[in-house]
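Dear colleague,

I am handing over the structure we spoke of, and I would be glad if you could keep it open while you read the notes beneath it.

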Amino acid sequence: MTIGVDDDERASPHLEDGKALEESWLQICSRLKGEVGEVEYRTWLTKIALGPVDGDEITLLLPTRFLRDWVRSQYGDRLSELWNQVLPSIRRVELQVARPGDPSAPALVLESDTSAVVAAPQGVEAEEAPRNAPEVRSDLVTALDTRFTFDTFVVGKPNEFAYACARRVAEKPSSVGFNPLFLYGGVGLGKTHLMHAIGAELVQRGNVSVAYMSAEKFMYRFIAAIRSQSTMEFKEQLRSVDVLMIDDLQFLIGKDNTQEEFFHTFNALVDAGRQIVVSADKSPSDLSGLEDRLRTRLGCGMVADIHATTFELRISILEAKAAASGVVVPAKVLEFLAHKITSNVRELEGALNRLIAHANLFGRPVTLEATQDVLHDILKAHDRRVTIEEIQKKVAEHWNIRLTDMSSARRARAVARPRQVAMYLAKQLTSRSLPEIGRKFGNRDHTTVMHAVSRVAELMERDPAFAEDVELMRRMLES
Ligand code: ADP
Ligand code: MG
């Protein structure tokens with residue numbers, strides 16, 4: 001890497017040499033990477049090159065105006081802070097577009113660049129970049145996260161349909177009935193993972209250009225194109241890809257111009273036989289605020305939802321991730337996590353990663369006790385204080401029985417089963433003891449509660465529909 005300090009007479013004398021700068025930059029990069037995550041880091045920050053130092057100001061160079069603006073708006077303050085922390089003589093950071101002849105060099109890349117996995121058209125702003133600049137990836141493409149493949153996606157009841165559709169699109173893009181593919185579901189349930197998996201699979205087979213970006217980025221690019229009067233190029237470029245994937249489409253709600261543009265791009269691509277994959281947090285019909293004609297077109301292909309995870313899926317995911325980490329995590333700990341962290345896979349994964357990091361760091365085996373200790377804060381946040389009364393009320397509503405039957409002596413199954421479920425949930429979701437729970441259910445004995453808990457657990461094992469019902473109750477009570 002070359003740094004324009006040595007032969008720059010304005011260079012600050014208290015910086016011994018370019019080496020100090022380079023090392024500082026490495027440190028900053030590694031911290032940034034930890035803070036923003038792999039994908040963001042690779043997409044935006046590996047493109048920064050070190051420029052000259054002038055007094056207490058360092059210039060960082062970016063290949064295009066768009067990148068400079070983006071980095072400035074998203075990371076500008078953080079970059080200044082980090083520089084100042086790592087190298088206190090630097091107080092200000094100036095972001096500039098590299099010009100031909102600038103002493104710029106490729107940014108430090110902390111690991112192998114994955115640009116090669118994405119076959120994409122050249123960026124519209126390529127002409128802005130210096131001719132001898134390092135290869136600039138298209139701004140249209142967010143690098144695919146190599147961890148997100150079909151192999152690492154754990155399939156279970158809640159996501160098997162979406163998974164099958166994604167696989168199908170990756171194997172045979174643009175087949176009738178699967179275009180567009182619309183994936184929807186709550187936060188952290190694997191939509192982005194599946195989209196990246198489709199991209200990775202297609203690119204691996206070669207000869208296909210894939211563009212993946214979030215709807216937010218789509219909007220940002222579109223606005224930038226309007227400003228720089230390059231909308232034609234933007235459009236042409238988008239319309240030249242074989243597969244266009246737009247993540248988190250709900251972001252376009254209320255952004256009328258961008259929606260309009262997306263609608264036209266969408267039509268042009270589908271008419272030309274190209275594949276579109278879109279994700280959102282709701283189904284097309286529930287995405288209110290989306291233009292009707294867009295909504296209609298989005299629903300025309302395959303709409304696949306990813307349901308909230310079940311206990312079984314959470315266990316399978318944890319098992320897969322624990323196995324991949326090489327750290328032995330006892331089944332009891334996995335079960336504990338799968339019971340406690342039910343919101344989404346991202347949090348589940350985060351909790352497990354923290355455990356694994358801890359185990360590696362201290363070389364101690366993972367135990368249930370250590371888990372409760374290490375994850376103290378996460379677990380606390382998930383310990384919603386649900387009361388037994390709430391549980392009884394919700395369960396009674398769900399199974400359509402009278403609330404008084406929770407404590408009545410009636411033993412007909414239509415009443416007894418929901419009552420057992422309520423006892424089970426009371427045991428799972430509150431810290432009440434068995435005798436306390438028994439008292440709230442018409443002064444029943446603690447052995448009755450114990451029996452109810454094991455009976456429900458057993459039924460859940462045998463009957464997936466019943467298990468899903470109970471899980472649903474649990475989630476409703478926890479949220
Ligand atoms: P979404 O885009 O739906 O919000 P993501 O795709 O970003 O969710 O998933 C969040 C995290 O959980 C990612 O790290 C992803 O790899 C992981 N994840 C989600 N579902 C699964 C699954 N079925 N198998 C393995 N990992 C998963
Ligand atoms: Mg996502």
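The notes below take the ligand site and then the nonpolar core.

Please bear in mind throughout that this is a predicted model.

The shell around ligand 1 is made up of 18 residues, and those that come nearest are Val 154, Gly 188, Thr 192, His 193 and Glu 349. By class, this shell holds seven nonpolar, seven polar and four charged residues. Three helices, α5 (191-205), α10 (311-325) and α12 (345-362), each supply at least two residues of the shell. Because domain 2 (160-306) and domain 3 (311-381) both give residues to the shell, ligand 1 lies between them.

As for polar contacts, a backbone polar atom of Gly 188 is 2.7 Å from an oxygen atom of ligand 1, and a backbone N or O atom of Gly 190 lies 3.1 Å from an oxygen atom of the ligand. On the side-chain side, a polar atom of Asn 159 lies 3.3 Å from a nitrogen atom of ligand 1. Of the 560 Å² of accessible area that ligand 1 has on its own, the protein covers 94%.

Turning to the protein interior, the largest nonpolar core has 29 residues, and Ile 391, Val 395 and Leu 425 are those with the most contacts inside it. Two or more residues of this core come from each of α15 (388-398), α16 (413-429), α17 (434-440), α18 (446-462) and α19 (464-478), with α16 giving the most, namely eight residues.

With best regards

Notes:
Residues numbered from 1 in each chain as written. Chains lettered and ligands numbered in written order. Predicted model: local features only at pLDDT ≥ 70, side-chain atom pairs only at ≥ 80, totals over all residues. Heavy atoms only, no water. Near = heavy atom within 4 Å. Polar contact = N/O pair within 3.5 Å; in protein donor to acceptor, adjacent residues only side chain to side chain. Areas by Shrake-Rupley, 256 points an atom, 1.4 Å probe, with all protein chains shown as cover. Helix = DSSP H or I, 4+ residues; strand = E, 2+ residues; numbered from the N terminus. Nonpolar A, V, L, I, M, F, W, Y, C, P; charged D, E, K, R; others polar. Domains from an automatic or database assignment. Core = buried A, V, L, I, M, F, W, Y, C linked by side-chain atoms within 4.5 Å. Buried < 20%, exposed > 50% of the residue type's maximum accessible area, 1.4 Å probe, protein only.
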